[in-house]
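Colleague: Hi, have you got a few minutes to walk me through this model?

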2 protein chains.
Amino acid sequence: MALADVKALTFDVFGTVVNWRDSVARESQAILAPKGYVKDWHSFADRWRARYQPAMDKVRNGQRPWVKLDDLHRENLVDLLEEFKISGLSAAEMEHLNYAWRRLDPWPDAVEGLTRLKRKFIIATGSNGNIALMVNLAKYGSLPWDAVLGAEVAQSYKPLPEAYDRSAAALNLAPEQCMMVAAHNADLLAARARGYRTAYVDRPLEDGPNKTKDLKAEHDFDVIADDFIDLAAKLGC
Amino acid sequence: MALADVKALTFDVFGTVVNWRDSVARESQAILAPKGYVKDWHSFADRWRARYQPAMDKVRNGQRPWVKLDDLHRENLVDLLEEFKISGLSAAEMEHLNYAWRRLDPWPDAVEGLTRLKRKFIIATGSNGNIALMVNLAKYGSLPWDAVLGAEVAQSYKPLPEAYDRSAAALNLAPEQCMMVAAHNADLLAARARGYRTAYVDRPLEDGPNKTKDLKAEHDFDVIADDFIDLAAKLGC
């Protein structure tokens with residue numbers, strides 16, 4: 001492994017840094033249960049998330065111009081509420097519910113691990129979330145990013161090549177000086193194809209008890225870690 | 001003053017957060033004096049800085065496409081070395097000298113003030129410096145930004161309207177929810193014209209002992225502060 005040249009770590013965020021599923025379930029319940037709705041709130045979170053990739057696909061394939069994730073989440077929420085037969089929310093309530101994605105708890109090891117990694121590396125978001133979403137999420141969870149990069153800065157959604165290329169370019173680094181950190185095999189494969197180093201972090205609880213994919217690192221990534229503290233140790237931090 | 005709605009502070013950086021003049025003089029001397037050059041290193045810094053606005057003007061007025069500040073600094077350095085009759089630097093030495101702009105000391109109050117302001121507000125760069133420059137400068141000086149915005153994200157150099165408009169948009173905020181913080185009257189006037197709130201911070205030493213402009217706030221900005229600690233106090237942090 002030629003990891004000595006790595007200067008920056010770019011992080012997938014949803015699932016890798018934060019626990020979106022339990023957090024979105026909790027936030028949705030907190031807003032909607034007092035209105036009398038009784039639902040499976042984890043299923044509500046899962047169904048919201050299920051609309052995530054198809055919505056980005058329309059931007060990726062050029063079917064529509066650039067739309068930031070906050071807006072895709074909002075469009076998906078409208079459909080989701082219809083699916084769950086929930087209605088009558090005010091504009092302010094809709095915004096507050098949509099911004100549940102800004103109130104996601106970091107995994108228990110995330111802040112300590114990032115703080116250690118930050119001593120040695122530039123740590124930046126490499127998420128499909130837009131800048132405002134990432135900034136507010138960092139405020140909520142005290143995530144100590146050096147920079148918020150990712151989809152909006154690159155104007156491209158992972159796993160398109162430009163998403164990785166432009167994040168490295170924004171840091172004035174060669175791809176080989178960047179390491180993508182993710183709990184998702186496909187993200188790391190796409191980053192590796194652009195020249196990035198790769199670190200897989202195990203997040204066995206991301207999709208709840210019935211997780212069916214990304215159960216383990218399926219390729220020979222540069223680092224395979226149990227969590228961010230293990231990642232910090234393996235990177236000498 | 002209707003400042004209760006302000007959610008984010010965007011900061012001019014060169015001169016307002018960091019002391020570019022003394023730092024560039026020190027860094028240039030450290031690299032060039034051992035090669036036998038005896039120069040007025042503060043004059044060297046001043047002359048480098050004097051090329052800053054004219055270089056951006058060519059981008060602002062469309063004479064050339066987008067060029068990031070690292071590259072403008074590098075072009076200006078080539079001319080500057082000729083002016084000072086300095087030659088024979090290797091590519092690595094040129095890069096190290098150009099990256100003097102990544103090794104600028106924060107004003108003594110800056111880190112404490114930013115740390116206090118960060119508790120209540122999103123704090124972001126609103127500089128003409130590019131992302132890599134700002135990220136490395138923050139690492140060097142322990143500047144605790146929530147986000148690196150500014151010219152490269154906006155693809156526009158202050159004081160053009162887009163530079164302010166796109167920074168607010170990136171945070172998903174109305175301009176009135178943003179406050180520009182700067183030691184320069186013109187920057188604040190341009191921000192105010194786009195709807196921003198404004199805070200003037202006094203930096204009497206920015207241009208050395210013979211400072212001739214921006215000696216004081218020349219307009220009724222929302223806040224006028226002696227330094228970042230005074231700014232934090234005046235904003236209730």
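Modeller: Sure, let's go through the sheets, one helix and the contact between the chains.

Modeller: This is a predicted model, where local features need pLDDT of at least 70, side-chain atom pairs count only at pLDDT 80 or more, and totals for chains, interfaces and linings use all residues. Residues are numbered from 1 along each chain as its sequence is written, while chains are lettered from A and ligands numbered from 1 in the order in which they are written.

Colleague: Thanks! What turn lays chain A on chain B?

Modeller: A turn of 180 degrees with a shift of 0.0 Å along the axis does it, and the RMSD is 0.0 Å (least-squares superposition on the C-alpha atoms of residues with pLDDT of at least 70 in both copies). That is the relation of a two-fold axis.

Colleague: And how many residues does each chain bring to the contact?

Modeller: Chain A gives 15 residues and chain B gives 15 residues, with a contact meaning that the C-beta atoms of two residues, placed from the backbone, lie within 7 Å. On the side of chain A that touches chain B, the elements giving two or more residues are α7 (131-141), β5 and α8 (151-154) of chain A. The largest share there, five residues, is from α7(A). Helices here are DSSP runs of H or I with at least four residues, strands are runs of E with at least two, and both are numbered from the N terminus.

Colleague: What is that side like by class?

Modeller: That side of chain A has 10 nonpolar, one polar and four charged residues. Ala, Val, Leu, Ile, Met, Phe, Trp, Tyr, Cys and Pro count as nonpolar, Asp, Glu, Lys and Arg as charged, and the others, Gly among them, as polar.

Colleague: Why do the copies meet through the same surface?

Modeller: Because 100% of the interface residues of chain A are also interface residues in chain B.

Colleague: Switching topic: what is the strand order in the chain A sheet?

Modeller: The order is β5-β4-β1-β6-β7-β8 in an open sheet of six strands with parallel pairing; strands pair if DSSP finds at least two bridges between them. At the edges sit β5 (147-148) and β8 (223-225) of chain A, each pairing on one side only. Inside chain A, β1 (residues 8-11) and β4 (residues 122-125) run parallel, joined by four bridges, and Ala8(A) stands opposite Ile122(A).

Colleague: How about β6 in chain B, is that strand covered or open?

Modeller: Mostly covered: five of the five residues in β6(B) (178-182) are buried, meaning that 20 or more other C-beta atoms lie within 10 Å of a residue's own, with exposed being 12 or fewer, partly exposed in between, and C-beta atoms placed from the backbone. Cys178(B), Met180(B) and Ala182(B) are buried on one side, and Met179(B) and Val181(B) on the other.

Colleague: Which strands pair with β6(B)?

Modeller: β1(B) (residues 8-11) joins β6(B) through four parallel bridges, with Phe11(B) partnering Val181(B). Four bridges also link β6(B) to β7(B) (residues 197-201), again parallel, and Met179(B) partners Arg197(B).

Colleague: Last one: which residues of α6(A) are buried?

Modeller: In α6(A) (residues 110-120) they are Ala110(A), Gly113(A), Leu114(A) and Leu117(A). They cover an arc of only 95 degrees around the axis, which puts them on the same side of α6(A); the arc is taken from the directions from the helix axis to the C-beta atoms. These buried residues pack against β1, β3 (105-106), β4 and α11 (228-234) of chain A.
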